[in-house]
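These are my notebook entries on one structure, written in the order in which I looked things up. I kept each entry to what I could read from the model.

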Amino acid sequence: MKIILYIGHHKVGSTALQAFLARNWLPLARAGILYPSVEAHGFAGNLKSALGAGEAFEQLPIQIREPHSALAYRMIADVSDRPIPPQFQGLPATPQMFRALRKQVEHLQPHTMILCSEALSNFGQVDPELVTRLCDVFPGAKFQTYCALRRPDDYITSWHGQRLKVGETPPALWEDGFAQYRDGIHFDYRLVVQAWQDRVPGGRMILRNYADILATGGSAEDFIAQTGLALPADTQPARRENTSLPLASFALMDRANRDLGAHVAHPLSLYLQTHGQVLSPVPDSDIEMFGQEQRDQMADAFAPIHDHLNRLARTHAFFPDIDEMRRTRPVPAIDAARRLLAVFSPQGMPNPALSDYIKTLQANF
């Protein structure tokens with residue numbers, strides 16, 4: 001059996017790929033390609049799919065879409081003080097999850113199994129032994145590892161926006177925010193890839209630049225092409241799944257999360273994900289999130305990391321546009337937020353409380 005390990009990174013289309021695999025669980029399984037569940041919610045979703053019971057999920061529950069995120073977070077919690085995210089509470093113990101995987105392989109006899117989660121990118125930093133523990137569940141399997149990486153200034157911006165989108169209040173990027181990411185997997189990509197390169201038995205690592213993934217058509221399309229998957233004819237096409245905040249809205253969401261709290265600010269986040277890109281007078285490509293000093297710090301600190309990726313990928317420049325990290329964009333993030341705020345109509349807000357809040361920001365931001 002071949003096992004394909006998709007280990008992330010974050011913000012490179014992993015949600016779209018996971019949704020594609022989950023929505024096509026049944027035709028893939030019939031074709032000998034297993035995207036396995038690990039706990040009751042996932043098994044129930046797959047049973048519903050197999051029986052054709054009721055309508056298909058329009059919005060896949062996260063436990064069905066991302067079973068291997070549940071597995072990864074459970075394994076991480078076993079060896080660290082990192083809590084399991086709230087959306088994955090109530091998980092069985094790791095040995096039970098491993099047994100569930102083995103039994104699906106035993107009964108379905110797939111020729112290929114896919115384990116897919118951006119949460120796996122944490123293993124190298126938390127405890128590299130987790131990679132060995134996972135691979136040891138399947139003695140004799142042939143492994144292939146796929147990892148997607150994004151140029152770090154673009155990646156950090158996107159990851160920071162994800163945090164704002166869900167109500168977090170991290171230090172602002174434009175105020176020395178690079179420092180919070182410098183020593184972890186969100187900047188030092190060696191922590192993401194090296195443990196898998198060292199510990200996956202006989203495995204070949206496919207290392208992909210996110211820009212090339214987009215040129216191929218998207219995360220699902222690139223994953224299929226790079227791993228050589230032969231899909232059955234009745235698979236549903238991939239969809240876009242994880243919409244982003246426009247960069248002009250970052251300072252507004254930062255302020256709203258701090259002033260209102262995540263729960264109250266969430267409707268504003270949804271509104272900005274849906275309408276913000278159209279409303280914003282400043283395109284994302286023109287907005288500067290870091291400033292020249294931080295950009296130079298990033299570029300200098302990333303140079304040895306980029307050299308490491310070049311050696312691993314056997315290329316002269318894994319990110320051919322790496323010099324773009326030093327180039328500042330013309331419109332500072334705060335100015336872009338003010339321009340976006342100026343075109344807001346408070347009457348268009350999801351509820352009266354947010355309408356009043358937008359009026360306050362327009363008067364005082």
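**Entry 1. Helix 12 and what surrounds it**

I began with helix 12, residues 219–227, and listed its buried residues: S219, A220, D222, F223, I224 and T227. I note at the outset that the model is a predicted one. I then looked up what these buried residues of helix 12 pack against, and I found strand 1, strand 3 and strand 4, together with strand 5 (204–209), helix 1 (14–23) and helix 11 (210–216). I also checked the residue that follows helix 12: it is G228, with a positive phi near 75°.

**Entry 2. Helix 1 against helix 12**

At what angle do the axes of helix 1 and helix 12 cross? I read a crossing at roughly 70°, with the axes coming within 8 Å. Angles from 65 to 115 degrees count as roughly perpendicular, and helix 1 and helix 12 are therefore roughly perpendicular to each other. From helix 1 I recorded A16, L17 and F20, which meet S219, A220, F223 and I224 in helix 12. Sorted by class, the residues of this contact of helix 1 with helix 12 are six nonpolar, one polar and no charged. The four residues S219, A220, F223 and I224 that meet helix 1 also appear in my list of buried residues of helix 12.

**Entry 3. The sheet**

I turned next to the strands. Five of them form an open sheet in the order 2-3-1-4-5, with parallel pairing. I noted strand 2 (33–34) and strand 5 as the edge strands, each pairing on one side only.

I then followed strand 1, residues 2–6, and found it mostly covered, with four of its five residues buried. On one pairing, strand 1 runs parallel to strand 3 (residues 112–116), and five bridges join the two. In this pairing I located L5 opposite L115 of strand 3. Strand 1 also pairs in the parallel sense with strand 4 (residues 142–149), again over five bridges. There I located I4 opposite Q144 of strand 4.

For strand 2, I looked up its pairing with strand 3, which is parallel and runs over two bridges. I33 stands opposite T112 in strand 3. I add a general remark: strands of a sheet pair through backbone hydrogen bonds, either parallel or antiparallel.

**Entry 4. Helix 13 and its two partners**

I examined helix 13 (residues 250–260) first against helix 17 (residues 352–364): their axes come within 12 Å and cross at roughly 120°. An angle of this size lies outside the 65 to 115 range for roughly perpendicular and is not over 145, and helix 13 and helix 17 are therefore oblique to each other. The crossing of helix 13 past helix 17 is right-handed. On the helix 13 side I listed R255, A256, D259 and L260, which meet L354, Y357 and L361 in helix 17. By class, the residues of this contact of helix 13 with helix 17 are five nonpolar, no polar and two charged.

I then examined helix 9 (152–165) against helix 13, and read an angle of about 35° with the axes 10 Å apart. Here the crossing of helix 9 past helix 13 is left-handed. The contact is made by T157, H160, G161 and L164 of helix 9 and by F250, M253, D254 and N257 of helix 13. I sorted the residues of this contact of helix 9 with helix 13 into three nonpolar, four polar and one charged.

**Entry 5. Backbone points of note**

Finally I searched the loops for backbone exceptions. Most residues other than glycine have a negative phi, and most peptide bonds are trans.

- I found a cis peptide bond joining G8 and H9, with omega about 15°; H9 is in the loop between strand 1 and helix 1.
- D176 is not glycine, yet I read a positive phi near 95°; D176 is in the loop between helix 9 and helix 10 (190–199).
- R314 is likewise a residue other than glycine with a positive phi, near 55°; R314 lies in the loop between helix 15 (292–313) and strand 7 (331–332).

Are D176 and R314 buried or exposed? D176 has 46% relative accessibility and so counts as partly exposed, while R314, at 79%, counts as exposed.

Technical notes: Residues are numbered from 1 along each chain as its sequence is written. This is a predicted model: local features need pLDDT of at least 70, side-chain atom pairs count only at pLDDT 80 or more; totals for chains, interfaces and linings use all residues. Side-chain values use heavy atoms; hydrogens and water are left out. Buried means under 20% relative accessible area, exposed over 50%, partly exposed in between (1.4 Å probe, protein chains only). Two strands pair if DSSP finds at least two bridges between them. Axes are lines fitted to C-alpha atoms, for helices over the stretch in contact, and angles run from 0 to 180 degrees between N-to-C directions. Angles under 35 degrees count as roughly parallel, over 145 as roughly antiparallel, 65 to 115 as roughly perpendicular and the rest as oblique. A crossing is left-handed if the near helix is turned anticlockwise from the far one by less than a right angle, and right-handed if clockwise. Contact means heavy atoms within 4.5 Å. Ala, Val, Leu, Ile, Met, Phe, Trp, Tyr, Cys and Pro count as nonpolar, Asp, Glu, Lys and Arg as charged, and the others, Gly among them, as polar.
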